[in-house]
Amino acid sequence: MLNNWIAGVDLGGTTTKIAFVTMDGEIVHKWEIPTDNSNEGQNITANIAKAINEKIHLVGRTNDHLLGIGMGAPGPVDYKTGIILNTVNLGWKDNFPLKESLEAATSLPAAIENDANCAALGEMWKGAGNGAKDLVCVTLGTGVGGGVITNGNIVQGVNGAAGEIGHITAIPFGGAPCNCGRTGCLETVASATGIVRLAMAELSAGGPPKGELAMKFAGNGSVTAKDVFDAARNGDDLAKKVLDKVTFHLGFVLASIANTLNPEKIVLGGGVSKAGAILLDSVREYFEKYAFSSVKNSTQLTLATLGNDAGVLGAAWIIKNKLNKER
Ligand SMILES: [Zn+2]
């Protein structure tokens, strides 16, 4: 059994990442397939089963080498039933029985979890968590995702919607519209999209282009979140102003979360976190300003270390955990 593998799947709207993982959390093989969300998502689990079947034979093993399959999916998940309540861009109708569909397609025991929660579990198991059992993970990507782990377990909430850190209100009045239908959520200021929106607002505020970011905007007609961090690193005033807004809201929200949970670590992941120290140091400054003193002294703010592998590793962890409990 120790030599067997489990499969971890990170389901995204355009690509699906798959990995064969040992019971110790080492990735043996990993690859990607396109996500086919046509026909109300009918092909998604069948394609994953086919990809796994082909790969296991390609690497000279048979299906019985796999003990189970775990999957992170973009949407709130009822962990007990394995039903995904709703998704935006996969084609599935509401309340899709994902676990059942995956088990039928692969003939393997399956476990399903929300993708941001999987990323948090991945970081806990093999990444920045480094053994911490009380952990909050914030994924700063196109949107902002969150996963809260207490005593080694994901906090699910009564309806699977706990840890939606991206939809904590950061700007109560006059905030920008959010994908969730409300306005002013953290996601509208701390995601890559939000950072670009804040930068564009500053850039179009007027005056002739001055400084690195303004020159880039004048040349390209647009800027990216990375442009903002690069320019801020070079001392560009406008970029620094945008960065300050982003990190104020993020630091403030994270301090409130830490005051509630006092986790051992808060891990910042996702594409935006690749900005590194310039982001982390500034968030930490505001975090320390708004955190209760004993929380400030004990909760550590850190960057994720697994990158794109966090999702598949966390997905593998949930099936491993489930198999261990059933044994
Ligand atoms: Zn929202």
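**Exercise 1. Strand 1 and its partners**

Which residues of strand 1 are buried on one side, and which on the other? Determine also which strands pair with strand 1, and in what sense.

*Solution.* The structure is a predicted model.

Step 1. Establish the extent of the burial. Strand 1 covers residues 5-11, and seven of its seven residues are buried.

Step 2. Separate the two faces. Trp5, Ala7, Val9 and Leu11 lie on one side of strand 1, while Ile6, Gly8 and Asp10 lie on the other. Both faces are covered.

Step 3. Recall the general principle of pairing. Strands of a sheet pair through backbone hydrogen bonds, in either a parallel or an antiparallel sense.

Step 4. Examine the pairing with strand 2. Strand 2 comprises residues 15-22; it runs antiparallel to strand 1 and is joined to it by seven bridges. One pair of opposite residues is valine 9 and isoleucine 18 of strand 2. Three residues separate strand 1 from strand 2, and the two strands form a hairpin.

Step 5. Examine the pairing with strand 4. Strand 4 (residues 66-73) pairs with strand 1 over five bridges, in the parallel sense. Here glycine 8 faces glycine 70 of strand 4.

**Exercise 2. A sheet of five strands**

In what order do the five strands of the open sheet lie, and which are the edge strands? Trace the pairings from strand 9 to strand 12.

*Solution.*

Step 1. State the order. The open sheet has the strand order 10-9-8-11-12, with mixed pairing. Its edge strands, strand 10 (153-154) and strand 12 (300-303), each pair on one side only.

Step 2. Consider strand 8. Its residues are 135-140, and six of the six are buried. Leu135, Cys137 and Thr139 point one way, whereas Val136, Val138 and Leu140 point the other way.

Step 3. Pair strand 8 with strand 9. Strand 9 (residues 144-150) is antiparallel to strand 8, with six bridges between them. Threonine 139 has glycine 145 of strand 9 as its bridge partner. The two strands form a hairpin, with three residues between strand 8 and strand 9.

Step 4. Pair strand 8 with strand 11. These two strands are parallel and share five bridges. The bridge partner of valine 136 is isoleucine 266 in strand 11.

Step 5. Continue to the edge. Strand 11 (residues 265-269) pairs with strand 12 in the parallel sense over four bridges. Leucine 268 has leucine 303 of strand 12 as its bridge partner.

Step 6. Add the helix. Helix 9 packs on this sheet and touches strand 11 and strand 12. The direction of helix 9 makes about 160 degrees with that of strand 12.

**Exercise 3. Two helices**

Is helix 3 largely enclosed or largely open? Which elements help to cover the buried residues of helix 7?

*Solution.*

Step 1. Check the length of helix 3. This helix (residues 115-126) contains twelve residues and reaches 16 Å from its first C-alpha to its last, close to the 16 Å expected.

Step 2. Consider its burial. Helix 3 is largely enclosed by the rest of the structure, because twelve of its twelve residues are buried. Among them are Asp115, Glu123 and Lys126, as well as Leu121 and Trp125.

Step 3. Turn to helix 7. In this helix (residues 225-233), the buried residues are Ala225, Asp227, Val228, Phe229, Ala231 and Ala232. Their cover includes helix 5 (192-203), helix 6 (212-220), helix 8 (237-261) and helix 9.

Step 4. Look at the end of helix 7. Just after the helix, glycine 235 adopts a positive phi of about 90 degrees.

**Exercise 4. The chain as a whole**

What radius of gyration does the protein chain have, and what value would a compact globule have? Describe also the confidence of the prediction.

*Solution.*

Step 1. List the elements. The protein chain contains eleven helices and twelve strands.

Step 2. Compare the radii. For 327 residues, a compact globule would have a radius of gyration near 20 Å; the chain has 21 Å, which agrees. Along its principal axes, the C-alpha trace spans about 65 × 45 × 35 Å.

Step 3. Consider burial and contacts. Of the 327 residues in the protein chain, 47% are buried. Among contacts between residues at least 6 apart in sequence, 64% join residues at least 24 apart.

Step 4. Assess the confidence. The mean pLDDT of the chain is 94, and 99% of its residues reach 70 or more. Among the elements, the lowest mean pLDDT, 88, belongs to strand 5 (residues 77-78), and the highest, 98, to helix 9 (residues 277-290).

Notes: Residues are numbered from 1 along each chain as its sequence is written. This is a predicted model: local features need pLDDT of at least 70, side-chain atom pairs count only at pLDDT 80 or more; totals for chains, interfaces and linings use all residues. A residue is buried if 20 or more other C-beta atoms lie within 10 Å of its own, exposed if 12 or fewer, and partly exposed in between; C-beta atoms are placed from the backbone. Two strands pair if DSSP finds at least two bridges between them. pLDDT is the predictor's confidence in each residue, from 0 to 100. Two residues are in contact if their C-beta atoms, placed from the backbone, lie within 7 Å. Axes are lines fitted to C-alpha atoms, for helices over the stretch in contact, and angles run from 0 to 180 degrees between N-to-C directions. The expected span of a helix is 1.5 Å times one less than its number of residues. The radius of gyration is taken over C-alpha atoms; the globule rule is 2.2 Å times the number of residues to the power 0.38.
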